[in-house]
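Me: Please take a close look at a single part of this model, namely how its strands pair and what covers them. I should like one connected account.

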Amino acid sequence: MKEATVKLKEGKLSYRSEGSGEPLILLHSLGTSGESWSEVMEPLARKFSVYAVDMMGHGDSDKPGRNYEIPDYARNIVDFMDALKLEKARIIGNSVGAILSVEIAASYPHRVSRQVLVGCPARETPWERMEGLMLAALKYDMEGNPRPMTMEDLSLSYAHPTPRLLEQLNRLKARAGLWCKKTHIAIFLWDIVPRLPKISCPTLVLYGAKDELRQKEQVLLKGIKGARYTLIEDAGHVPQVDAPAAFLKAVMDFL
């Protein structure tokens, strides 16, 4: 696996790459990095050229000098593709990474051949988004930095929490710092509903059976024409970590 960076207009974007074949871009969840795909990257790389990106403000990527909205993060990924001369790619996005995939597929449809939306948030109304924003505020201290997670916190998102996973997530969230909250705010300011009918590429909607966001699956399935659906048992919000073998089977069958 190669670790590299590419210089974009607003800073350095870091990524991990492995394999050969058609390009496949992996977009991580809030506060983490491309490291979150380590359980499945090598098997995916047997069929594809895989790029696990650290979104701006996260991992080893730079922290921009201005606040970002979801279209800004999406534009970064398109700029990343341009820099690497990737005309079109498959995308797998988890959580906020799935939101970015939706925005890319809606705004730049010629750049996405297929997408997998993993644990995608799909809040339909301004009230839902405002409520989520108020609850999210409890996860940050007075300076806006993420509060350290506990094993109890971890069990809300993962079916199989471990102390090692807890250490990894707290390390990555601390590294993102204020950008955890900045990205959280961007999520709740963005409305997914009008973007869904603009998606024309084949789409797989995937949730872990224990993911609390699964209750919004019908928003995606009704909004995206022809979307397929897969549920992974014994998995939470990050099924590629909870159940990597089942995740790989579902994703590879679709890709």
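Reply: Contact here means heavy atoms within 4.5 Å. The model is predicted, with local features needing pLDDT of at least 70 and side-chain atom pairs pLDDT 80 or more, while totals for chains, interfaces and linings use all residues. Residues are numbered from 1 along each chain as its sequence is written, and side-chain values use heavy atoms without hydrogens or water.

The account may begin with strand β3, residues 23-27; strands (E, at least two residues) and helices (H or I, at least four) are DSSP runs numbered from the N terminus. Because five of the five residues of β3 are buried, this strand is largely enclosed by the rest of the structure; buried means under 20% relative accessible area, exposed over 50%, and partly exposed in between (1.4 Å probe, protein chains only). Pro-23, Ile-25 and Leu-27 point one way from β3, whereas Leu-24 and Leu-26 point the other way. Residues on both faces of the strand are buried.

Strand β3 is joined to two other strands. Five bridges link β3 to strand β4 (residues 49-53), and the two run parallel; strands count as paired if DSSP finds at least two bridges between them. Within this pairing, Leu-24 of β3 has Val-50 in β4 as its bridge partner. From β3 the chain passes through helix α1 (residues 38-45) to reach β4, in a β-α-β crossover that is right-handed, that is, clockwise from the first strand over the helix to the second with the strands pointing away from the viewer. The second partner is strand β5 (residues 89-94), which is joined to β3 by four bridges and likewise runs parallel to β3. Here Leu-27 stands opposite Gly-93 of β5.

Gly-93 leads on to the next pairing, as this glycine also stands opposite Leu-117 in β6. Six bridges connect β5 with β6 in the parallel sense. The connection between β5 and β6 is made through helix α3 (residues 96-107), and this β-α-β crossover is also right-handed. Strand β6 spans residues 112-118 and is mostly covered, with five of its seven residues buried. Beyond β5, strand β6 also pairs with strand β7 (residues 203-208), again in the parallel sense, over four bridges. In that pairing the bridge partner of Gln-115 is Thr-203 in β7.

Part of the surroundings of these strands is supplied by helix α10, which covers residues 244-254. Its buried residues are Phe-247, Leu-248, Ala-250, Val-251 and Phe-254. An α-helix has 3.6 residues a turn, so residues three or four places apart point the same way. The buried residues of α10 pack against the strands β5, β6, β7 and β8 (228-232), and also against the helices α1 and α9 (239-242). Helix α10 thus touches α1 and β5; α1 itself lies on the path from β3 to β4.

Two loops adjoining strands deserve attention for their backbone. Most residues other than glycine have a negative phi. Lys-85, in the loop between α2 (70-83) and β5, has a positive phi near 60° and is not a glycine. Because its relative accessibility is 73%, Lys-85 counts as exposed. Asp-234 lies in the loop between β8 and α9, and its phi is also positive, at about 55°. With 36% relative accessibility, Asp-234 counts as partly exposed.
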